[in-house]
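Q: Could you take a close look at one part of this model for me? I'd like to hear how the helix packing looks there, and then how that chain meets its partner.

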Amino acid sequence: MFDLLGTNLSSRLLLGTAQYPSPAILADAVKASGTSVVTVSLRREMAGGRAGEQFWSLIRSLGVKILPNTAGCHSVKEAVTTAKMAREVFGTSWIKLEVIGNHDTLQPDVFGLVEAARILCDDGFTVFPYTTDDLVVAERLLEAGCKVLMPWCAPIGSALGPVNIMALRSMRGHFPDVPLIVDAGLGRPSHAATVMELGFDAVLLNTAIARAADPVGMARAFGKAVDAGREAFSSGMLEPRDVAVPSTPTIGRAVFS
Amino acid sequence: MKLTVNGEAHEVAAATLAELLAALDYEGDWLATAVNSDLVHKANRAEFQLSDGDRIEILSPMQGG
């Protein structure tokens with residue numbers, strides 16, 4: 001069990017719901033991953049349309065907790081209004097706050113992010129800010145009222161994995177008591193295991209599973225990698241050494257000459 | 001009255017937001033509405049008076065990462 005802000009979760013993997021080949025594969029991937037939190041969004045509905053209803057019905061049937069996002073918002077106003085609309089529709093005060101600052105990298109506008117986080121925290125939201133690995137921005141987000149931080153490890157959808165291990169390690173060291181979730185940029189289960197070994201509390205990913213040749217198999221693989229990384233972190237890993245150390249006892253070794 | 005609904009121009013007789021939703025065949029408790037970039041709660045749609053030129057967003061749950 002993983003206690004995230006007072007909510008007991010059965011998995012340290014949070015999963016996005018976009019880009020799957022079909023709703024059935026999405027549902028199977030959610031189950032195979034073992035996740036208990038999925039991210040969703042709000043988009044324009046067609047007149048007379050039922051797309052939203054069908055998707056919402058599917059998600060509710062999965063019995064997982066919902067983390068709505070403000071994906072695609074480029075201003076504080078857009079993000080705040082979207083968050084409020086999400087709270088009404090999804091019935092949760094959890095919000096994955098995205099304020100995008102650059103079209104190419106999809107990196108967060110950290111100035112707008114802090115401003116929007118303050119407005120939403122003051123309004124009773126539990127804000128999960130999608131941020132960079134910058135320590136000063138992280139401090140500002142905590143001051144704004146955030147209780148959890150979600151740094152990227154690489155640009156959204158890039159599958160690059162952790163490109164700045166030092167920054168992630170530094171973040172973990174500076175905020176030992178703040179839940180830290182790596183959000184965005186993971187491409188392989190080994191990437192997830194790597195950041196979990198650093199002591200991150202959880203990972204959030206979407207594209208690496210949804211766009212895999214077999215999303216259900218990849219969901220299972222990521223679930224195992226997250227568990228393995230966490231257990232390794234908890235078990236105390238050996239520090240690397242520059243010299244060889246024999247693993248077999250040398251005492252009692254036979255001498256033949 | 002000329003309105004912009006989800007980015008498209010409409011000319012409708014609806015006086016309130018609730019009437020607009022009905023006129024355009026929007027129904028369901030999974031919809032969220034905003035007028036001129038501010039949330040209008042479901043409970044307030046019947047009283048919310050629309051004005052010429054208003055920009056309305058009607059959103060519903062969708063896949064997201």
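A: Here's a walk through one helix pair, followed by the contact between the chains. Keep in mind that this is a predicted model.

Let's start inside chain A. Two packed helices are described by the angle between their axes and the distance between the axes. For helix 1 (residues 23-33) of chain A and helix 2 (residues 51-61) of chain A, the angle is about 25 degrees and the axes lie 11 Å apart. Angles under 35 degrees count as roughly parallel, so helix 1 of chain A and helix 2 of chain A are roughly parallel to each other. The crossing of helix 1 of chain A past helix 2 of chain A is right-handed.

Who's touching whom? On the helix 1 side of chain A you have A:Pro23, A:Leu26 and A:Ala27, and they meet A:Phe55, A:Leu58 and A:Ile59 from helix 2 of chain A. Sorted by class, that contact comes out as six nonpolar residues, with no polar and no charged ones.

Now on to the partner chain. Chain B puts 27 residues into the contact, and chain A puts in 29 residues. Together they bury about 2,500 Å², with carbon and sulfur atoms giving 58% of that area. On the chain B side, B:Trp30, B:Met62 and B:Gly65 supply 26% of the area that chain B buries against chain A, more than any other three residues.

There's charge pairing here too: four salt bridges are counted between chain B and chain A. One salt bridge joins A:Lys77 to B:Asp38, with the closest N and O atoms 2.3 Å apart.

Notes:
Residues numbered from 1 in each chain as written. Chains lettered and ligands numbered in written order. Predicted model: local features only at pLDDT ≥ 70, side-chain atom pairs only at ≥ 80, totals over all residues. Heavy atoms only, no water. Axes fitted to C-alpha atoms, helices over the stretch in contact; angles between N-to-C directions. Helix = DSSP H or I, 4+ residues; strand = E, 2+ residues; numbered from the N terminus. Parallel < 35°, antiparallel > 145°, perpendicular 65-115°, else oblique. Left-handed = near helix turned anticlockwise from the far one by under 90°. Contact = heavy atoms within 4.5 Å. Nonpolar A, V, L, I, M, F, W, Y, C, P; charged D, E, K, R; others polar. Buried area = accessible area lost by both parts, 1.4 Å probe. Salt bridge = Lys/Arg side-chain N within 4 Å of Asp/Glu carboxyl O.
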